[in-house]
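Student: Could we go through this one together? I'd like to start with the charged side chains and then move on to the packing.

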Amino acid sequence: MLWVKAFHLIFLISWFAGLFYLPRLFVYHAMSDDKMSNERFKVMERKLLHGIMTPAAILTTVFGLWLLYTYAWTTYSSMLWLHIKLFLVIVLFAYHAWCWKIQLDFKHDKNTKSHVFYRFFNEFPVLILIAITILVIVKPF
């Protein structure tokens, strides 16, 4: 089962790396004003989202569900920290979907947000990561 935990963490780290970097690409993309930069950012965003982030999110979920089934299924109802963590994971998937929509907006040259918006947007996954880490390590509830 330690292998399952290891792979869960490996894919979680990969997913978060993408969640931190893609919105940063959005910042720079929103600031770009030449065709060559615009096209380069489109390629980078697509490859990051579809080639790294989404597969990592799926594999994080697969290994996480495996862990949930193995360790927590019998006592799930008494673990409030786990309920909150799973809710935050759902929020993270919503954020991922929002990134997907933004990537499509940039792809079709329909972005309406400024680089300032994306600078704030970029900070959200940090808050989720902090909360999930505290919940899993400290188990305050």
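**Salt bridges and helix packing**

Tutor: K42 and E39 both sit in helix 2, three residues apart, which is about one turn of the helix. Their side chains meet in a salt bridge, at 3.3 Å from N to O, and I should add that this is a predicted model.

Student: Is K42 buried or exposed?

Tutor: K42 is buried, with a relative accessible area of 13%, whereas its partner E39 is partly exposed, at 34%.

Student: What else does E39 pair with?

Tutor: The side chain of E39 also meets that of K35 in a salt bridge, with an N to O distance of 3.9 Å. K35 and E39 are four residues apart in helix 2, so about one helical turn separates them. K35 itself is exposed, with a relative accessible area of 64%.

Student: Which residues make up the salt-bridge network?

Tutor: The linked residues are K35, E39, K42 and D109.

Student: And how many salt bridges are there in the whole structure?

Tutor: A search of the whole structure finds four. One of them joins the side chains of D105 and K101, at 2.5 Å from N to O, and these two residues lie four apart in helix 3 (residues 80-107), about one turn of the helix. K101 is partly exposed, with a relative accessible area of 46%.

Student: Back to helix 2 for a second, what about E45?

Tutor: E45 is found in helix 2, which spans residues 35-72. E45 is buried yet has no salt bridge, and the nearest side chain of opposite charge, that of K42, is 8.2 Å away. A salt bridge needs the nitrogen and the carboxyl oxygen within 4 Å, so a separation of 8.2 Å does not qualify.

Student: What is E45 in contact with, then, ignoring its neighbours within four places in sequence?

Tutor: With those neighbours left aside, E45 is in contact with L22, L25, F26, H29, Q103 and F106.

Student: New topic: how do helix 1 and helix 5 pack?

Tutor: Helix 1 (residues 2-31) and helix 5 (residues 124-138) pack at an angle of about 150 degrees, and their axes are 9 Å apart. Angles over 145 degrees count as roughly antiparallel, so that is how helix 1 runs relative to helix 5.

Student: Which residues meet there?

Tutor: On the helix 1 side they are F16, L19 and F20, and these meet P125, V126 and L129 in helix 5. By class, the contact of helix 1 with helix 5 has six nonpolar residues, with no polar and no charged ones.

Methods
Residues numbered from 1 in each chain as written. Predicted model: local features only at pLDDT ≥ 70, side-chain atom pairs only at ≥ 80, totals over all residues. Heavy atoms only, no water. Axes fitted to C-alpha atoms, helices over the stretch in contact; angles between N-to-C directions. Parallel < 35°, antiparallel > 145°, perpendicular 65-115°, else oblique. Contact = heavy atoms within 4.5 Å. Nonpolar A, V, L, I, M, F, W, Y, C, P; charged D, E, K, R; others polar. Buried < 20%, exposed > 50% of the residue type's maximum accessible area, 1.4 Å probe, protein only. Lys, Arg positive; Asp, Glu negative; His and termini not counted.
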